[in-house]
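Me: I am new to this structure and would enjoy a slow, close look at one small part of it. Please start from a single residue and then show me what lies around it.

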Amino acid sequence: VESCSVLAPTAAEADALSTAYFVAGAEFAARHAGPRPDLGAVLLAAGRRTVLNLPPARYDAPARPVGPL
């Protein structure tokens with residue numbers, strides 16, 4: 001794993017889990033985040049090849065942008 005991003009309920013949890021998933025790898029991340037609808041994770045391998053993409057089940061995107069883009 002070359003890069004890992006996590007979407008979690010809190011910034012602290014996202015930071016801790018992204019570090020754990022980066023170190024432990026995609027199989028661990030899938031086992032841990034898979035059953036949790038409040039987590040999302042994207043892990044990339046060398047060459048930016050996606051090795052895991054778990055979108056969170058509970059993500060309410062705003063209907064419109066909340067500020068200037």
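Is aspartate 38 buried or exposed?

Reply: Happy to help! One thing to know before we begin is that this is a predicted model, in which local features need pLDDT of at least 70 and side-chain atom pairs count only at pLDDT 80 or more, while totals for chains, interfaces and linings use all residues. Residues are numbered from 1 along each chain as its sequence is written, and side-chain values use heavy atoms, leaving out hydrogens and water.

Now to your residue. Aspartate 38 counts as buried, because its relative accessibility is 18%. Here buried means under 20% relative accessible area, exposed over 50% and partly exposed in between, using a 1.4 Å probe and protein chains only. In the protein chain of 69 residues, buried ones make up 26%.

To place aspartate 38 along the chain, it helps to have the overall order. The protein chain has 2 helices and 3 strands, and from the N terminus on its elements run β-α-α-β-β. Helices (H or I, at least four residues) and strands (E, at least two) are DSSP runs, numbered from the N terminus. Aspartate 38 is found in the loop between H2 and S2. There its side chain makes a polar contact with the side chain of arginine 36, at 2.9 Å. A polar contact is a pair of N or O atoms within 3.5 Å; within protein, one must be able to donate a hydrogen and the other to accept it, and residues adjacent in sequence count only if both atoms are side-chain atoms.

Aspartate 38 also has a partner from another loop, proline 9. Proline 9 lies between S1 and H1, and with a relative accessibility of 51% it counts as exposed, whereas aspartate 38 is buried. The two are 29 residues apart in sequence, yet their C-alpha atoms are 6.7 Å apart in space. Not counting residues up to four places away in sequence, proline 9 touches Asp38 and Leu39; contact here means heavy atoms within 4.5 Å. Across the protein chain, residues 24 or more positions apart account for 38% of the contacts with a separation of 6 or more.

The loop between H2 and S2 also holds glycine 34. Glycine 34 counts as partly exposed, at 44% relative accessibility. Leaving aside neighbours within four places in sequence, glycine 34 is in contact with Ala29 and Leu54. Its C-alpha atom is separated by 9.3 Å from that of proline 55, which sits 21 residues away along the chain.

Leu39, touched by proline 9, takes us to the inside of the model. Leu39 belongs to the largest nonpolar core, which has 12 residues in all; the others are Cys4, Val6, Ala8, Ala14, Leu17, Tyr21, Ala29, Ala33, Ala41, Leu43 and Leu52. Two or more residues of this core come from each of strand S1 (3–7), helix H1 (11–24), helix H2 (26–33) and strand S2 (40–45), and H1 gives the most, with 3. A nonpolar core is a set of buried Ala, Val, Leu, Ile, Met, Phe, Trp, Tyr and Cys residues joined through side-chain atoms within 4.5 Å.

Within this core, tyrosine 21 is a good residue to find on screen. Beyond residues up to four places away in sequence, tyrosine 21 touches Cys4, Val6, Phe28, Ala29, His32, Ala33, Leu39, Ala41 and Leu43.

Serine 18 has contacts with Cys4 and Val6 too, leaving aside neighbours within four places in sequence. Serine 18 lies in helix H1 and counts as buried, at 16% relative accessibility. Its side chain reaches the backbone oxygen of aspartate 15 at 3.0 Å.

Valine 23, also in helix H1, offers a contrast: it is exposed, with a relative accessible area of 66%. The C-alpha atoms of valine 23 and valine 1 are 8.0 Å apart in space, although their positions lie 22 residues apart in sequence numbering.

One last stop is glycine 47, in the loop between S2 and strand S3 (49–54). Glycine 47 counts as exposed, at 71% relative accessibility. Glutamate 2 is 45 residues from glycine 47 in sequence, and 8.6 Å from it in space, C-alpha to C-alpha.

So, back to your question: aspartate 38 counts as buried, with arginine 36 as a side-chain partner and proline 9 in contact with it from another loop.
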